[in-house]
Amino acid sequence: MRKKVVLLAAVLAAMIAAPASSYAADKIVIAQDKLNLSLEVLVNARRVAFPDMKPIRKDSRILVPLRFVSDKLGGKLSLKGNDITIVKGDRTVKLTIGAKVAVANDEIVNLDVAANAINGRTMVPLRFISEALGEAVEWDAVNQYVWIGSKDVPHINEVVKAEDVKKYEKYYVGPAKETLLTAVNWEPITKVIVVKSSDLPVEIGGKIYYRLDKAYDTKGKEFIRMASNEPYDMGRDLFLLRNGKTTYKRQEESDIREEHNGIRVQYQAVVDVADFDLYRDKNYKNMKLKDVDYISMYTKERTFNTLFKTDFLKNE
């Protein structure tokens, strides 16, 4: 009898010591080689759309279509054979396709990478031309952004028009609905703003949100990666919204938070055993980010709730 009691005690001790989630017991390491962030060019804090030929990297430099210079930087182009002349005000830039020597305002400049003809498009070195035309240029490795000109990020109200929440009520299901649709002054929220990847970066509730992306850990599990200047010690909770299905909350995995000179990168696991514990969702392990329609969060905004579209998945 005594042996049975001892054995039972050992079993109970093992059960108590076992982690509630096998995933929680694993050390999370984000697979940086699988982090496929799109390269984006921003002019005055707004992303530039490249419908035909997107920017490319060549020998650690970024090349953009020549048309970008006239469309976004205001330079007047002249192309004769392989010779390119760009004029903006009292500034003149001359370069030749295939040549690593250029002229910027009467000064000869040696280029790290030459202008190239690629897939029928003339591609030119972005930093060299931008700076030669008098524009400030900054490389943001964390967000894979090239900032040109002003870095004054606009409030989301300046970028996207608010919509009636009734159009999106089917995505708010369960206890999280009250949280997301009640403002900090306890008034009901009646508007939503739907943010596309191309709208980022934007300011919401006094914070700047640079981008959302999909990430993986080294075991292949999905995470949401959010870059912001969020100072909240506990991290910003995200909510996964699906048409007609319970809205699930995701807390930040604070152990793998990254801090980069004022930019915070936080990660939320897509699969969470809490979905079983709270809602008895037996299929919680099957949750995929592609099944999520919108990602939301609670902020200090009083007039609207923010919905981020998961269109960033197309960058995979």
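Reader: Which residue lies over the face of Y216, and at what distance from the ring centre?

Author: That residue is K34, at 6.0 Å from the ring centre. A charge counts as sitting over a ring if NZ of Lys or CZ of Arg is within 6 Å of the ring centre and within 35 degrees of the ring normal. Another case is K151, which lies over the face of W147 at 4.9 Å from the ring centre. Before we go on, a word on the model: it is predicted, so local features need pLDDT of at least 70 and side-chain atom pairs count only at pLDDT 80 or more, while totals for chains, interfaces and linings use all residues. Residues are numbered from 1 along each chain as its sequence is written, and side-chain values use heavy atoms, with hydrogens and water left out.

Reader: Thanks! How do I read a pair of aromatic rings?

Author: Such a pair is described by the distance of the centres and the angle of the planes. Rings of Phe, Tyr and Trp (its six-membered ring) pair if their centres lie within 6.5 Å; planes under 30 degrees apart count as stacked, over 60 as edge-to-face and the rest as tilted. A search of the whole structure finds 8 aromatic pairs. In one of them, the rings of Y145 and W147 have centres 5.8 Å apart and planes at 75 degrees, so this pair is edge-to-face.

Reader: Are Y145 and W147 buried or exposed?

Author: Y145 is buried, with a relative accessible area of 0%, and W147 is buried too, at 2%. Here buried means under 20% relative accessible area, exposed over 50%, and partly exposed in between (1.4 Å probe, protein chains only). Ring pairs also link Y145, W147 and Y210 into a cluster.

Reader: Which parts of the chain does the pair of Y168 and Y294 link?

Author: It links distant parts, 126 residues apart: Y168 is in the loop between strand 14 (163-164) and helix 5 (176-180), and Y294 is in strand 23. Helices (H or I, at least four residues) and strands (E, at least two) are DSSP runs, numbered from the N terminus. The two ring centres of Y168 and Y294 are 5.9 Å apart with planes at 85 degrees, so this pair is edge-to-face. Y168 counts as buried at 6% relative accessibility, and Y294 is buried at 11%.

Reader: What is the general idea behind a nonpolar core?

Author: In soluble globular proteins, nonpolar side chains tend to be buried together. A core here is a set of buried Ala, Val, Leu, Ile, Met, Phe, Trp, Tyr and Cys residues joined through side-chain atoms within 4.5 Å. The largest one has 44 residues, and those with the most contacts inside it include I156, F223, I224 and L289. Among the elements that give two or more residues to this core are strand 17 (207-216), strand 18 (222-228) and strand 22 (263-269). Strand 17 supplies the largest share, 5 residues. A second, separate core of 29 residues includes L39, V48, L66 and A102.

Reader: Which residues is L289 in contact with, leaving aside its neighbours within four places in sequence?

Author: They are K214, E222, F223, I224, V270, I295, F312 and L313. Contact means heavy atoms within 4.5 Å.

Reader: Now the sheets. How do strands of a sheet pair?

Author: They pair through backbone hydrogen bonds, either parallel or antiparallel. Two strands count as paired if DSSP finds at least two bridges between them. One open sheet of 4 strands has the order 3-4-11-10, with antiparallel pairing. Strand 3 (56-58) and strand 10 (116-118) stand at its edges with a single partner strand each, so one side of each has no neighbour in the sheet. Inside this sheet, 3 bridges join strand 4 (residues 61-65) to strand 11 (residues 121-125), and P65 stands opposite M123.

Reader: Which strands are at the edges of the sheet with the order 14-15-24-23-19-20?

Author: The edge strands are strand 14 and strand 20 (245-250), each pairing on one side only. This open sheet of 6 strands has mixed pairing. Strand 19 and strand 20 pair in the antiparallel sense over 4 bridges, with R250 as the bridge partner of L238.

Reader: How many residues of strand 22 are buried?

Author: 7 of the 7 are, so strand 22 is largely enclosed by the rest of the structure. I263, V265, Y267 and A269 point one way, and R264, Q266 and Q268 the other way. Strand 22 pairs with strand 18 in the antiparallel sense over 6 bridges, where I224 stands opposite Q268.
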